[in-house]
2 protein chains.
Amino acid sequence: MTNPAMTDLPHAIFPAPDHDHARCTSTAIAHAEALCAERAQRLTPMRRRVLQALLSSHRPLGAYEIIERLSGKARPAPITIYRALDFLRDNGLVHRIESRNAFVACVHDHGGDDLVVFLICERCGAVGEAPGGAAADALQASSRAAGFTPKSPLIEIAGICAHCREK
Amino acid sequence: MTNPAMTDLPHAIFPAPDHDHARCTSTAIAHAEALCAERAQRLTPMRRRVLQALLSSHRPLGAYEIIERLSGKARPAPITIYRALDFLRDNGLVHRIESRNAFVACVHDHGGDDLVVFLICERCGAVGEAPGGAAADALQASSRAAGFTPKSPLIEIAGICAHCREK
DNA sequence: GGCTTCCTGTTGCAGCGCAACATAAAAATC
DNA sequence: GATTTTTATGTTGCGCTGCAACAGGAAGCC
């Protein structure tokens, strides 16, 4: 499932304000197509449109915000968006930011199981994904010590990203 | 602000099904009173009732669930509950579980700044609070590596607690 | 008492999220 | 290719979350 196009370009964890967003978007779409083809999943027009709406920014969007960005034609009902999001999430193409009740497109290429830390910039709203390998071990240990059998940990950190800090 | 009553009793991270819940509740209320007195904050009847509703279980409750548990008299509007919750959260007496959009009473005694890991049992719904000291360092490092200036990390882990696993 | 500050009640609204059912489109089977 | 089955989308409706704005009331301060 690894797509070279997503790994050879070493994404900064926070996309720079002047990055080549068109390419960034088309790469992600291409990755989604490849992945769905490989899994015999259907990237329908609706699902693609929702993904593109999310890719139009690196900010998490709510369902209603997505609807607004799906310009043209009739505006789909919220439930339609949620169903598309469910599909995209199941395939690791979209993440849910729990602390915002919103969604971001995933522009990284990571397995479904490894721990991802979401860094949320309070100023520009962008979301970065940092690898959480080291923290994963500590959390495993903490959980086990409590007799707890953990599934996927959820980590979200609010703060200020490098690009906003420079200003 | 440290209350001996809350520390001398070494709370298991997950309260056992047969724990002395009456004492567990009264201790928490006493702690809330002491803390508010110390800070010259007012633990009004409404705030106390909301806290007690949350203490009636170790499960996170939504605003409407809280309203239902505030039996007697007129049912307060949701906004009233949210205001009480804001107060209780500001004083560290209540935590918000983002992945559930719900709230739990805090039955531990930790400073406002140290990292807490919420363990959420998918079977019984109980929420435990584990210390996240070790993970905190790893997350700091991860964030810094991304040029990110972190504030308080949010960690929630779903899984199965020890008491549910035994069955 | 009079003033300020804080708390609660009321009304209203917007977003989130899904259940249940109906319809349409694609896949699979024959 | 026609029929059945599966899968995706549209429609309606509803309940929960969360807050803004305003009004009244209670507690503390001078």
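Ala, Val, Leu, Ile, Met, Phe, Trp, Tyr, Cys and Pro count as nonpolar, Asp, Glu, Lys and Arg as charged, and the others, Gly among them, as polar. The exercises below concern a predicted model.

**Exercise 1. Describe the surface near DNA strand C: which residues come nearest, which helices supply it, and how do its residues divide by class?**

Solution.
Step 1. There are 18 residues around DNA strand C, and A:Gly62, A:Tyr64, B:Thr44, B:Met46 and B:Thr80 come nearest.
Step 2. Helices α4 (63-69) and α5 of chain A, together with α3 (45-55) and α5 of chain B, each supply at least two residues of this surface. The most comes from α5(B), with 4 residues.
Step 3. Sorted by class, the surface near DNA strand C comprises 11 nonpolar, 4 polar and 3 charged residues.

**Exercise 2. Carry out the corresponding description for the surface near DNA strand D.**

Solution.
Step 1. Around DNA strand D there are 18 residues, of which A:Thr44, A:Met46, A:Thr80, B:Gly62 and B:Tyr64 come nearest.
Step 2. At least two residues each are supplied by α3 (45-55) and α5 (78-90) of chain A and by α4 (63-69) and α5 (78-90) of chain B. The largest share, 4 residues, belongs to α5(A).
Step 3. The classes are represented by 11 nonpolar, 4 polar and 3 charged residues.

**Exercise 3. Examine α5(A): what span should its 13 residues have, and where do its buried residues lie?**

Solution.
Step 1. At 1.5 Å a residue, the 13 residues of α5(A) should span 18 Å. The C-alpha atoms at its ends are 18 Å apart, in agreement with that expectation.
Step 2. A residue counts as buried if 20 or more other C-beta atoms lie within 10 Å of its own. In α5(A) the buried residues are A:Ile81, A:Ala84, A:Leu85, A:Phe87 and A:Leu88.
Step 3. Viewed down the axis of α5(A), these buried residues fall within an arc of 160 degrees, and therefore they line one face of the helix.
Step 4. The buried residues pack against α3, α4, β1 (94-97) and β2 (102-105) of chain A. On the other side of α5(A), A:Ile79 and A:Asp90 are exposed.
Step 5. Just after the helix, A:Gly92 takes a positive phi of about 70 degrees.

**Exercise 4. Characterise the contact between chains A and B: how many residues does each chain give, and which element of chain A gives the most?**

Solution.
Step 1. Chain A gives 34 residues to the contact, and chain B gives 34 residues.
Step 2. On the side of chain A that touches chain B, β3 (116-121), β4 (127-131), α6 (133-145), β5 (149-160) and α7 (162-166) each supply at least two residues. The most comes from β5(A), with 11 residues.
Step 3. This side of chain A has 22 nonpolar, 8 polar and 4 charged residues.

**Exercise 5. In which sense, parallel or antiparallel, does β5(A) pair with β5 of chain B, and in which sense with β3(A)?**

Solution.
Step 1. With strand β5 (residues 149-160) of chain B, β5(A) pairs in the antiparallel sense over 9 bridges.
Step 2. Two positions illustrate this pairing: A:Glu156 stands opposite B:Leu154, and A:Thr149 stands opposite B:Ile160.
Step 3. Within chain A, β3(A) pairs with β5(A) in the parallel sense over 5 bridges. Here A:Ile120 stands opposite A:Ala158.

Terms used: Residues numbered from 1 in each chain as written. Chains lettered and ligands numbered in written order. Predicted model: local features only at pLDDT ≥ 70, side-chain atom pairs only at ≥ 80, totals over all residues. Near = placed C-beta within 6 Å. Expected span 1.5 Å × (residues − 1). Buried ≥ 20, exposed ≤ 12 C-beta atoms within 10 Å, placed from the backbone. Arc of directions from axis to C-beta. Contact = placed C-beta atoms within 7 Å. Pairing = 2+ DSSP bridges.
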